[in-house]
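This report introduces a protein chain to a reader who has not met it before. Please look over the sequence and the structure first, and then follow the sections below.

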Amino acid sequence: MTSYGFLFYGPGSYLWYQYLDRSMPKQTIQNIMLKVLLNQIVLGPCVIAVVFAWNNLWQGKLSQLPDKYQKDALSTLLFGFRFWIPVSAINFWVIPLQARVAFMSLGSIFWNFCLSTTMSK
(Lines give C-alpha, C1' and ligand atoms only; values in the text may rest on other atoms or scores of the structure.)
Protein backbone atom coordinates (compact mmCIF):
# COMPACT_ATOMS: atom_id res chain seq x y z
CA MET A 1 0.00 0.00 0.00
CA THR A 2 2.92 2.32 0.68
CA SER A 3 4.35 1.79 -2.79
CA TYR A 4 0.90 2.44 -4.29
CA GLY A 5 0.64 5.69 -2.33
CA PHE A 6 4.04 6.98 -3.37
CA LEU A 7 3.93 5.83 -6.99
CA PHE A 8 0.28 6.37 -7.90
CA TYR A 9 -1.96 8.04 -5.35
CA GLY A 10 0.27 10.94 -4.34
CA PRO A 11 1.26 12.14 -7.82
CA GLY A 12 -2.15 11.38 -9.33
CA SER A 13 -4.06 13.13 -6.57
CA TYR A 14 -1.82 16.17 -6.79
CA LEU A 15 -2.60 16.54 -10.50
CA TRP A 16 -6.29 15.79 -9.95
CA TYR A 17 -6.74 18.44 -7.23
CA GLN A 18 -4.87 21.02 -9.32
CA TYR A 19 -7.14 20.24 -12.27
CA LEU A 20 -10.28 20.61 -10.15
CA ASP A 21 -9.10 23.93 -8.72
CA ARG A 22 -8.20 25.28 -12.16
CA SER A 23 -11.57 24.15 -13.53
CA MET A 24 -13.59 25.48 -10.58
CA PRO A 25 -11.49 28.15 -8.85
CA LYS A 26 -14.28 29.86 -6.92
CA GLN A 27 -15.01 28.51 -3.43
CA THR A 28 -18.80 28.31 -3.87
CA ILE A 29 -21.08 25.64 -2.43
CA GLN A 30 -21.87 24.48 -5.97
CA ASN A 31 -18.19 24.11 -6.86
CA ILE A 32 -17.38 22.30 -3.62
CA MET A 33 -20.29 19.90 -4.16
CA LEU A 34 -19.27 19.33 -7.79
CA LYS A 35 -15.66 18.66 -6.76
CA VAL A 36 -16.84 16.14 -4.15
CA LEU A 37 -19.10 14.47 -6.73
CA LEU A 38 -16.35 14.29 -9.34
CA ASN A 39 -13.91 13.04 -6.75
CA GLN A 40 -16.25 10.15 -5.97
CA ILE A 41 -17.39 9.19 -9.48
CA VAL A 42 -14.07 9.74 -11.30
CA LEU A 43 -11.22 9.38 -8.82
CA GLY A 44 -12.92 6.78 -6.59
CA PRO A 45 -13.32 4.07 -9.26
CA CYS A 46 -9.82 4.77 -10.60
CA VAL A 47 -8.28 4.38 -7.15
CA ILE A 48 -10.14 1.13 -6.50
CA ALA A 49 -9.17 -0.27 -9.90
CA VAL A 50 -5.48 0.56 -9.44
CA VAL A 51 -5.34 -0.60 -5.80
CA PHE A 52 -6.94 -3.94 -6.65
CA ALA A 53 -4.60 -4.40 -9.64
CA TRP A 54 -1.51 -3.35 -7.66
CA ASN A 55 -2.39 -5.67 -4.79
CA ASN A 56 -3.11 -8.64 -7.06
CA LEU A 57 0.12 -8.00 -8.96
CA TRP A 58 2.17 -8.04 -5.75
CA GLN A 59 0.42 -11.22 -4.58
CA GLY A 60 1.02 -12.95 -7.92
CA LYS A 61 -2.74 -13.22 -8.50
CA LEU A 62 -3.12 -11.00 -11.54
CA SER A 63 -5.16 -13.66 -13.32
CA GLN A 64 -7.76 -13.42 -10.53
CA LEU A 65 -8.18 -9.66 -10.99
CA PRO A 66 -11.33 -9.77 -13.18
CA ASP A 67 -13.09 -11.91 -10.56
CA LYS A 68 -11.91 -9.55 -7.81
CA TYR A 69 -13.32 -6.56 -9.66
CA GLN A 70 -16.62 -8.31 -10.29
CA LYS A 71 -16.92 -9.50 -6.70
CA ASP A 72 -15.71 -6.48 -4.70
CA ALA A 73 -15.26 -3.29 -6.73
CA LEU A 74 -18.81 -1.91 -6.61
CA SER A 75 -19.38 -2.75 -2.95
CA THR A 76 -16.01 -1.19 -2.07
CA LEU A 77 -16.87 1.96 -4.02
CA LEU A 78 -20.28 2.28 -2.38
CA PHE A 79 -18.82 1.64 1.07
CA GLY A 80 -16.16 4.24 0.32
CA PHE A 81 -18.79 6.89 -0.38
CA ARG A 82 -19.76 6.85 3.30
CA PHE A 83 -16.19 7.62 4.29
CA TRP A 84 -14.87 9.72 1.42
CA ILE A 85 -17.79 12.07 0.80
CA PRO A 86 -17.46 13.81 4.19
CA VAL A 87 -13.65 13.70 4.04
CA SER A 88 -13.67 15.16 0.51
CA ALA A 89 -16.12 17.88 1.51
CA ILE A 90 -13.78 18.97 4.31
CA ASN A 91 -10.83 18.71 1.91
CA PHE A 92 -12.34 21.01 -0.72
CA TRP A 93 -14.00 23.39 1.74
CA VAL A 94 -11.34 23.93 4.41
CA ILE A 95 -7.97 22.53 3.32
CA PRO A 96 -5.77 24.71 1.06
CA LEU A 97 -4.72 23.23 -2.27
CA GLN A 98 -1.09 22.68 -1.24
CA ALA A 99 -2.20 20.52 1.74
CA ARG A 100 -4.98 18.50 0.09
CA VAL A 101 -2.93 15.47 -0.88
CA ALA A 102 -1.50 15.26 2.64
CA PHE A 103 -4.96 15.58 4.20
CA MET A 104 -6.45 12.93 1.93
CA SER A 105 -3.41 10.70 2.50
CA LEU A 106 -4.06 10.93 6.21
CA GLY A 107 -7.62 9.76 5.53
CA SER A 108 -6.19 7.01 3.37
CA ILE A 109 -4.49 5.46 6.39
CA PHE A 110 -7.93 4.60 7.73
CA TRP A 111 -9.34 3.77 4.32
CA ASN A 112 -6.42 1.44 3.53
CA PHE A 113 -7.45 -0.68 6.49
CA CYS A 114 -10.87 -1.10 4.83
CA LEU A 115 -9.29 -1.83 1.44
CA SER A 116 -6.85 -4.33 2.94
CA THR A 117 -9.75 -6.13 4.60
CA THR A 118 -11.62 -6.26 1.27
CA MET A 119 -8.57 -7.45 -0.65
CA SER A 120 -7.85 -10.23 1.81
CA LYS A 121 -11.23 -11.89 1.24
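## An aromatic cluster

A good place to begin is a group of rings: F79, F83, W84 and W111 form one aromatic cluster. The model in which this cluster appears is a predicted one, and the structure as a whole holds 8 aromatic pairs. One of these pairs is formed by F79 and W111, whose rings are stacked, with 6.0 Å from centre to centre and 25 degrees between the planes. This pair links distant parts of the chain, since F79 belongs to helix 3 and W111 to helix 4, with their positions 32 residues apart in sequence.

The two partners of the stacked pair are covered to unequal degrees: F79 counts as partly exposed, because its relative accessibility is 39%, whereas W111 is buried, with a relative accessible area of 5%. W111 also pairs with W84, and here the ring centres are 6.3 Å apart and the planes stand at 75 degrees, so the pair is edge-to-face. This second pair likewise links distant parts of the chain, W84 lying in helix 3 and W111 in helix 4, 27 residues apart. Both W84 and W111 are buried.

## The overall fold

Stepping back from the cluster, the protein chain contains 4 helices and 0 strands, and its elements run α-α-α-α when followed from the N terminus. The C-alpha trace spans about 45 × 25 × 20 Å along its principal axes. The radius of gyration of the protein chain is 15 Å, which agrees with the value near 14 Å that a compact globule of 121 residues would have.

Of the 121 residues in the protein chain, 39% are buried. Among the contacts that join residues at least 6 apart in sequence, 68% are between residues at least 24 apart. The accessible surface of the protein chain comes to about 7400 Å², and carbon and sulfur atoms account for 72% of that surface.

## Salt bridges between helices

Side chains of opposite charge can pair when their charged atoms come close. In this structure the count comes to 3 salt bridges. In one of them K35 meets D21, with the closest N and O atoms 2.6 Å apart. Because K35 lies in helix 2 and D21 in helix 1, this pair ties together parts that are 14 residues apart in sequence.

D21 has a further partner in R100, and in that salt bridge the closest N and O atoms are 2.8 Å apart. R100 is placed in helix 4 (residues 100-119) and D21 in helix 1, so this pair ties together parts that are 79 residues apart in sequence. Taken together, D21, K35 and R100 are linked in a network of salt bridges. Are the members of this network buried or exposed? K35 counts as buried because its relative accessibility is 1%, R100 is buried with a relative accessible area of 4%, and D21 is buried with a relative accessible area of 17%.

## A salt bridge within one helix

A further salt bridge is found where the side chains of D72 and K68 meet, at 2.6 Å from N to O. Both residues lie in helix 3 (residues 65-93), and they are 4 residues apart, which is about one turn of the helix. D72 is buried, with a relative accessible area of 3%, and K68 also counts as buried, at 9% relative accessibility.

## The surface and a buried asparagine

On the surface, F6, L7, F8 and V50 form a nonpolar patch, and together they have about 420 Å² of accessible area. Helix 1 (residues 2-23) contributes the largest share of this patch, namely 3 residues. L7, which lies in helix 1, counts as exposed because its relative accessibility of 54% is over the 50% that marks an exposed residue.

N31, found in helix 2 (residues 29-58), offers a contrasting case, as it is buried with a relative accessible area of 16%, a value under the 20% cut-off for burial. Leaving aside its neighbours within four places in sequence, N31 is in contact with M24 and K26.

Methods: Residues are numbered from 1 along each chain as its sequence is written. This is a predicted model: local features need pLDDT of at least 70, side-chain atom pairs count only at pLDDT 80 or more; totals for chains, interfaces and linings use all residues. Side-chain values use heavy atoms; hydrogens and water are left out. Helices (H or I, at least four residues) and strands (E, at least two) are DSSP runs, numbered from the N terminus. The radius of gyration is taken over C-alpha atoms; the globule rule is 2.2 Å times the number of residues to the power 0.38. Buried means under 20% relative accessible area, exposed over 50%, partly exposed in between (1.4 Å probe, protein chains only). Contact means heavy atoms within 4.5 Å. Accessible areas come from the Shrake-Rupley method with a 1.4 Å probe; for residues, only the protein chains shown count as cover. Patches are made of residues with over 30% relative accessible area and no salt bridge: like charges are joined within 9 Å, nonpolar side chains (Val, Leu, Ile, Met, Phe, Trp, Tyr) within 5 Å. A salt bridge is a side-chain nitrogen of Lys or Arg within 4 Å of a carboxyl oxygen of Asp or Glu. Rings of Phe, Tyr and Trp (its six-membered ring) pair if their centres lie within 6.5 Å; planes under 30 degrees apart count as stacked, over 60 as edge-to-face and the rest as tilted.
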